Amino acid sequence: MITLALSKGRIFDETLPLLRAAGIEVLDDPDKTRKLILATNQPEVRVVLVRATDVPTYVQYGGADLGITGKDTLLEHTAEWGGNAGLVQPLDLQIAKCRISVAVREGFDYAAAMRQGSRMTVATKYVGIAREFFASKGVHVDLIKLYGSMELAPLTGLADAIVDLVSTGNTLKANHLVEVEHIMDISSRLVVNQAALKLKTAPIRQIIDAFAAAVATQH
Ligand code: PRP
């Protein structure tokens, strides 16, 4: 059995065409079922639905053979667990593309705050990425870990700035925030459990190669 870990939402939706290209059809709609293990048209391939931040954990510890996860999630996983031992990252799938940015309230003088080294408070789900980014700039910040709705933090006085994913920029605009730094581009990656790759080389290779071919034709 080959187990693929996916999270619901954008990554799941954008993975379906890649799975189809590999000849795999998921038989259930994750929005219509409460099941967490989804069968596919291939009896030896199944999909498990996990929280986005849990995908690297499932694959690293062998709860799934493969997984698809954002570069943001992978970097945070590495920062938190001090490494990705056992996790092979063979492919950038170039799906769920977005960026990680710093944003502040309209009118907040970010450049001055950075120049003066005044200790900014930064709220984010991406503590590892934010810590590394501000350290690389030689600026001390106080980080506040949040799990969602980061945009609220500067509006309520919880923080001066946020580090968050930006796609269209609509969420920032709707909340009167402006993007002041582009930290990095993000896309989703295929990750594979190293031991599974050794033990089930042929079927896993087949999926990796089909995904690689699908990515190459789509870009
Ligand atoms: C992300 C991010 C922003 C939004 C940006 O949230 O945290 O809130 O998308 O997208 P936009 O630039 O197109 O407006 P997501 O919907 O992934 O949910 P989350 O709050 O769980 O992170």
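## Overall build

A residue counts as buried when its relative accessible area is under 20%, and by that cut-off 47% of the 219 residues of the chain are buried. The model described here is a predicted one, and every value below was computed from it. The chain contains 9 helices and 11 strands, and its C-alpha trace spans about 60 × 35 × 35 Å along the principal axes.

Contacts within the chain can also be sorted by how far apart the partners lie in sequence. Among contacts with a separation of 6 or more, 67% are accounted for by residues 24 or more positions apart.

## Helix α3 and its crossing with α5

Helix α3 covers residues 71-81 and helix α5 covers residues 127-136; their axes come within 7 Å and cross at roughly 80 degrees. Because angles from 65 to 115 degrees count as roughly perpendicular, α3 and α5 are described as roughly perpendicular to each other. On the α3 side the contact is made by D72, L75, E76 and A79, while α5 contributes V127, G128 and I129. Sorted by class, the residues of this contact comprise 4 nonpolar, 1 polar and 2 charged.

Several residues of α3 are buried, namely D72, T73, L74, E76 and H77. Of these, D72 and E76 also take part in the contact with α5. An α-helix has 3.6 residues a turn, so residues three or four places apart point the same way. After α3 comes G82, which has a positive phi, near 65 degrees.

## The largest pocket

The largest pocket holds about 720 Å³ of space. Its lining is made up of 26 residues, and those nearest its centre are A52, T53, T73, K125 and Y126. One of these, T73, is a buried residue of α3.

Which helix gives the largest share of the lining of the largest pocket? That share, 6 residues, comes from α3, and both α1 (10-21) and α3 supply at least two residues each. By class, the lining divides into 9 nonpolar, 8 polar and 9 charged residues.

## Three strand residues

Two threonines in strands can be considered together. T69 is found in strand β4, residues 66-70, and T3 lies in strand β1, residues 2-6. With a relative accessible area of 1%, T69 falls under the 20% cut-off and is therefore buried; T3, at 5%, is buried as well. Leaving aside residues up to four places away in sequence, T69 touches I11, A52, V55, P56, L74, S187, S188, R189 and V191. Two of these partners have appeared above: L74 is a buried residue of α3, and A52 is among the residues nearest the centre of the largest pocket. With the same sequence neighbours left out, T3 touches R46, V48, G63, A64, D65 and L66; of these, L66 belongs to the stretch 66-70 that forms β4.

Is A39, which has its place in strand β2 (residues 37-39), buried or partly exposed? Its relative accessible area is 40%, which lies between the limits of 20% and 50%, so A39 is partly exposed. The contacts of A39, again not counting residues up to four places away in sequence, are with E25, V26, L27 and D28. For one of these partners, L27, which is 12 residues from A39 along the chain, the C-alpha atoms of the pair are separated by 5.7 Å.

Terms used:
Residues are numbered from 1 along each chain as its sequence is written. This is a predicted model: local features need pLDDT of at least 70, side-chain atom pairs count only at pLDDT 80 or more; totals for chains, interfaces and linings use all residues. Side-chain values use heavy atoms; hydrogens and water are left out. Axes are lines fitted to C-alpha atoms, for helices over the stretch in contact, and angles run from 0 to 180 degrees between N-to-C directions. Helices (H or I, at least four residues) and strands (E, at least two) are DSSP runs, numbered from the N terminus. Angles under 35 degrees count as roughly parallel, over 145 as roughly antiparallel, 65 to 115 as roughly perpendicular and the rest as oblique. Contact means heavy atoms within 4.5 Å. Ala, Val, Leu, Ile, Met, Phe, Trp, Tyr, Cys and Pro count as nonpolar, Asp, Glu, Lys and Arg as charged, and the others, Gly among them, as polar. Buried means under 20% relative accessible area, exposed over 50%, partly exposed in between (1.4 Å probe, protein chains only). On a 1 Å grid over the protein atoms alone, a cavity is a set of points where a 1.4 Å probe fits but cannot get out, and a pocket is an open set with protein on both sides within 12 Å along at least five of seven lines; lining residues have an atom within 4 Å of a point. Grid points are joined across faces, edges and corners, and a volume is the space filled by probe spheres set on the points.
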